[in-house]
2 protein chains.
Amino acid sequence: MRRSGALLDLLSRRMRAAGETALQAAGLRPRHLLAMPVLRDRGESSQADLAGTLQLDRTNVVGLLNELEREGLIERRRSPEDRRRHTVRLTEEGRERLARAEFTLAAAEDLVLAGLTAKQRDTLYELLAKATAAAC
Amino acid sequence: MRRSGALLDLLSRRMRAAGETALQAAGLRPRHLLAMPVLRDRGESSQADLAGTLQLDRTNVVGLLNELEREGLIERRRSPEDRRRHTVRLTEEGRERLARAEFTLAAAEDLVLAGLTAKQRDTLYELLAKATAAAC
DNA sequence: TATTGTTATACTCTATAACTATA
DNA sequence: TATAGTTATAGAGTATAACAATA
């Protein structure tokens with residue numbers, strides 16, 4: 001019986017472990033590299049929108065942003081239009097740390113996928129992108 | 001930049017959540033459906049071998065097997081050849097519960113991958129199998 | 001009433017260290 | 001000395017409930 005779930009579970013555990021190791025020197029974790037690219041691409045975002053995009057619970061986004069804010073990589077500001085919202089942006093340092101960390105992480109990820117050819121890695125990425133794009 | 005890790009993380013979280021929901025009625029969790037098929041295919045296994053195959057820490061396999069043993073789905077016996085080892089097997093009830101649960105889980109997994117065609121799901125499975133087959 | 005951010009909390013997953021019994 | 005299983009424990013990931021501020 002074809003059980004993609006078991007393989008996904010194993011591969012994502014390896015990815016996480018490899019990512020943690022690779023990012024350790026940069027003082028970041030894979031989870032940080034989920035949120036930061038979104039902020040860079042959008043320019044800014046509310047915490048709720050960010051949680052929706054990452055499909056993380058908003059309560060966990062609070063802690064994630066606390067860590068990034070403590071490191072000076074993001075900043076929160078109260079939105080003038082809707083004072084319930086925090087507008088979150090990358091700082092300049094956040095942008096720089098992200099650029100370096102992304103290369104480090106991408107290299108580590110490719111290493112985990114060393115069993116695949118470059119073309120197969122591309123196909124895998126496309127299939128994952130298509131699968132996750134679906135509502136659920 | 002191509003970041004398979006982020007997509008893998010998201011998809012495996014969805015898989016886990018869908019699997020938990022689907023297996024709830026059977027009183028099992030996705031993690032149980034990792035170990036049980038290995039035991040069925042091998043007939044029996046020591047805990048250390050099982051941990052190696054699943055790439056789980058042996059300390060976590062202890063708890064996993066405790067749950068399955070409490071439910072009467074596996075049995076541990078002291079190995080006569082090496083009295084340090086526990087020989088683990090599926091019970092008859094374990095075999096039956098597994099057969100039913102596998103269909104339930106496979107259906108739930110296909111639902112998570114609904115954004116892909118059947119052929120794409122097969123390709124994804126093959127790529128995941130090849131990627132995880134590599135040492136690391 | 002509903003939403004945004006927050007805190008407190010609980011449960012799962014994973015890894016490390018240390019113990020025991022065997023080899 | 002080393003290995004198999006176990007226990008205790010700590011850290012990360014995730015979700016739920018409840019609250020204050022704001023809409």
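**Questions and answers on a predicted two-chain model**

Tutor: Read along the sequence, chain A runs α-α-β-α-α-β-β-α-α, a pattern built from six helices and three strands. The model is a predicted one, and the C-alpha atoms of chain A occupy a box of roughly 55 × 35 × 25 Å along the principal axes. Of the 136 residues in chain A, 44% count as buried, and 47% of the contacts with a separation of 6 or more join residues 24 or more positions apart.

Student: What makes the relation between chain A and chain B that of a two-fold axis?

Tutor: Chain A superposes on chain B by a rotation of 180 degrees, with a shift of 0.0 Å along the axis and an RMSD of 0.0 Å. That combination is the relation of a two-fold axis.

Student: How do you know that the copies meet through the same surface?

Tutor: The interface residues of chain A can be looked up in chain B, and 100% of them are interface residues there as well, so the copies meet through the same surface.

Student: Why is α6(A) called oblique to α6(B)?

Tutor: Helix α6 of chain A (residues 118-133) and helix α6 of chain B (residues 118-133) pack at about 130 degrees, with their axes 10 Å apart. The roughly perpendicular range ends at 115 degrees and the roughly antiparallel one starts over 145, so α6(A) is oblique to α6(B). In the contact, Gln120(A), Thr123(A), Leu124(A), Leu127(A), Leu128(A) and Lys130(A) meet Gln120(B), Thr123(B), Leu124(B), Leu127(B), Leu128(B) and Lys130(B), which by class gives six nonpolar, four polar and two charged residues. The crossing of α6(A) with α6(B) is left-handed.

Student: Within chain B, why are α1(B) and α5(B) described as oblique to each other?

Tutor: The axes of α1(B), residues 4-24, and α5(B) come within 9 Å and cross at roughly 140 degrees. An angle has to be over 145 degrees to count as roughly antiparallel, and the roughly perpendicular range stops at 115, so α1(B) and α5(B) are oblique. Their crossing is right-handed.

Student: Which residues of α1(B) and α5(B) meet?

Tutor: From α1(B) come Leu11(B), Arg14(B), Met15(B), Ala18(B), Gly19(B), Ala22(B) and Leu23(B), and from α5(B) come Ala101(B), Thr104(B), Leu105(B), Ala108(B), Glu109(B) and Val112(B). By class these residues divide into nine nonpolar, two polar and two charged.

Student: Why is Glu92(B) called exposed?

Tutor: The relative accessible area of Glu92(B) is 52%, and the word exposed applies over 50%, so Glu92(B) meets the criterion. Glu92(B) is found in helix α5 of chain B, residues 92-112, and its C-alpha atom is separated by 24 Å from that of Asn60(B), 32 residues apart along the chain.

Student: And what makes His32(B) count as buried?

Tutor: The relative accessibility of His32(B) is 5%, whereas buried means under 20%, and His32(B) is therefore buried. His32(B) is placed in helix α2 of chain B, residues 32-42, and, leaving out residues up to four places away in sequence, touches Pro37(B), Leu64(B), Glu67(B) and Leu68(B).

Student: How do α2(B) and α3(B) pack?

Tutor: Helix α2(B) and helix α3(B), the latter covering residues 47-54, pack at about 120 degrees with their axes 11 Å apart, and the crossing is right-handed. Leu34(B), Ala35(B), Val38(B), Leu39(B) and Arg42(B) of α2(B) make the contact with Asp49(B), Leu50(B), Thr53(B) and Leu54(B) of α3(B). Six of these contact residues are nonpolar, one is polar and two are charged.

Student: Why is the phi of Gln55(A) worth a remark?

Tutor: Most residues other than glycine have a negative phi. Gln55(A), which is not a glycine, has a positive phi of about 55 degrees, and lies in the loop between α3 (47-54) and α4 (58-70) of chain A. In chain B, Gln55(B) likewise has a positive phi, near 55 degrees, and is placed in the loop between α3 and α4 of that chain.

Student: How do you know that Gln55(A) and Gln55(B) are partly exposed?

Tutor: Partly exposed covers values between the 20% limit for buried and the 50% limit for exposed. Gln55(A) has a relative accessible area of 35%, so Gln55(A) is partly exposed, and Gln55(B), at 37%, is therefore partly exposed as well.

Notes:
Residues numbered from 1 in each chain as written. Chains lettered and ligands numbered in written order. Predicted model: local features only at pLDDT ≥ 70, side-chain atom pairs only at ≥ 80, totals over all residues. Heavy atoms only, no water. Least-squares fit on C-alpha atoms with pLDDT ≥ 70 in both. Contact = heavy atoms within 4.5 Å. Helix = DSSP H or I, 4+ residues; strand = E, 2+ residues; numbered from the N terminus. Buried < 20%, exposed > 50% of the residue type's maximum accessible area, 1.4 Å probe, protein only. Axes fitted to C-alpha atoms, helices over the stretch in contact; angles between N-to-C directions. Parallel < 35°, antiparallel > 145°, perpendicular 65-115°, else oblique. Left-handed = near helix turned anticlockwise from the far one by under 90°. Nonpolar A, V, L, I, M, F, W, Y, C, P; charged D, E, K, R; others polar.
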